[in-house]
Amino acid sequence: MSATADHAEERTNPAARLGFQPEQVVQEIGYDDDVDQELREAIEEVIGSELVDEEYDDVADAVVLWFRDDDGDLTDALVDATTYIEEGGSILLLTPKTGRDGYVEPSEIAEAATTAGLSATKSVSVGKDWSGSRLLTPKGAKNKR
């Protein structure tokens, strides 16, 4: 594939824009009937395999965390998610957009990410109902699993 085709894919495939790479192991947490199936399929297309679920018992390269306001404590969910990923890995936190059921305030996301020891790199629209925040684990973090 040419470099031009790669750049075209990054513009059209939201998973490529979000930094997912071929052959990554991506764990999905918080799956429910309301998730964006097109985004899930786009991620699977880029990584070349299916997303692994919460029962996966090895470390992943990245985590996709679907989170709604009524899902509990966001900080706890983020801390738990960090136990599943490689040092320096990323978490794609997906929350409902403004005005949708389960909307999470950006200030709550920022506070929870900081408390969980994560750094936010960017927030993006990933579908008609979901926003994404890409959160990175510290490079020197010890894997807790």
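This is a short talk on the fold, one aromatic pair, one loop glycine and the largest pocket of the structure above.

Before anything else, the model is predicted. I'll begin with the overall layout. The protein chain has five helices and five strands. If you go along the sequence, the order is α-α-β-α-β-α-β-α-β-β, so the chain opens with two helices and closes with two strands.

Next, burial and contacts. The protein chain has 145 residues, and 43% of them count as buried. For contacts, take pairs of residues at least 6 apart in sequence: 75% of those contacts join residues at least 24 apart. As for the surface, about 8000 Å² of the protein chain is exposed, with 45% of that area coming from carbon and sulfur atoms.

Now the aromatic side chains. How many aromatic pairs does the structure hold? There is one. The partners are Trp 66 and Trp 130, with ring centres 4.8 Å apart. Their planes stand at 80 degrees, and the cut-off for edge-to-face is over 60, so the pair is edge-to-face. In terms of the fold, Trp 66 belongs to strand β2, residues 60-66, and Trp 130 to strand β5, residues 130-136. The two are 64 residues apart, so the pair links distant parts of the chain. Are these two tryptophans buried or exposed? Both Trp 66 and Trp 130 are buried.

On to a residue in a loop. Gly 99 sits between β3, residues 85-96, and α5, residues 106-115. Its relative accessibility is 72%, and exposed means over 50%, so Gly 99 counts as exposed. There is also a distance to report here: the C-alpha atom of Gly 99 is 9.3 Å from that of Asp 129, with the two positions 30 residues apart along the chain.

Last, the pocket. The largest pocket holds about 180 Å³ of space. It is lined by 17 residues, and the closest to its centre are Thr 95, Pro 106, Ile 109, Ser 123 and Ser 133. Which elements each supply at least two residues of that lining? They are β3, α5, β4, which covers residues 119-125, and β5. Two of these elements have come up already: β3 and α5 are on either side of the loop with Gly 99. Strand β5 is also where Trp 130 is found. By class, the lining has 10 nonpolar residues, six polar and one charged.

That is the end of the talk.

How values were computed:
Residues are numbered from 1 along each chain as its sequence is written. This is a predicted model: local features need pLDDT of at least 70, side-chain atom pairs count only at pLDDT 80 or more; totals for chains, interfaces and linings use all residues. Side-chain values use heavy atoms; hydrogens and water are left out. Rings of Phe, Tyr and Trp (its six-membered ring) pair if their centres lie within 6.5 Å; planes under 30 degrees apart count as stacked, over 60 as edge-to-face and the rest as tilted. Helices (H or I, at least four residues) and strands (E, at least two) are DSSP runs, numbered from the N terminus. Buried means under 20% relative accessible area, exposed over 50%, partly exposed in between (1.4 Å probe, protein chains only). Contact means heavy atoms within 4.5 Å. Accessible areas come from the Shrake-Rupley method with a 1.4 Å probe; for residues, only the protein chains shown count as cover. On a 1 Å grid over the protein atoms alone, a cavity is a set of points where a 1.4 Å probe fits but cannot get out, and a pocket is an open set with protein on both sides within 12 Å along at least five of seven lines; lining residues have an atom within 4 Å of a point. Grid points are joined across faces, edges and corners, and a volume is the space filled by probe spheres set on the points. Ala, Val, Leu, Ile, Met, Phe, Trp, Tyr, Cys and Pro count as nonpolar, Asp, Glu, Lys and Arg as charged, and the others, Gly among them, as polar.
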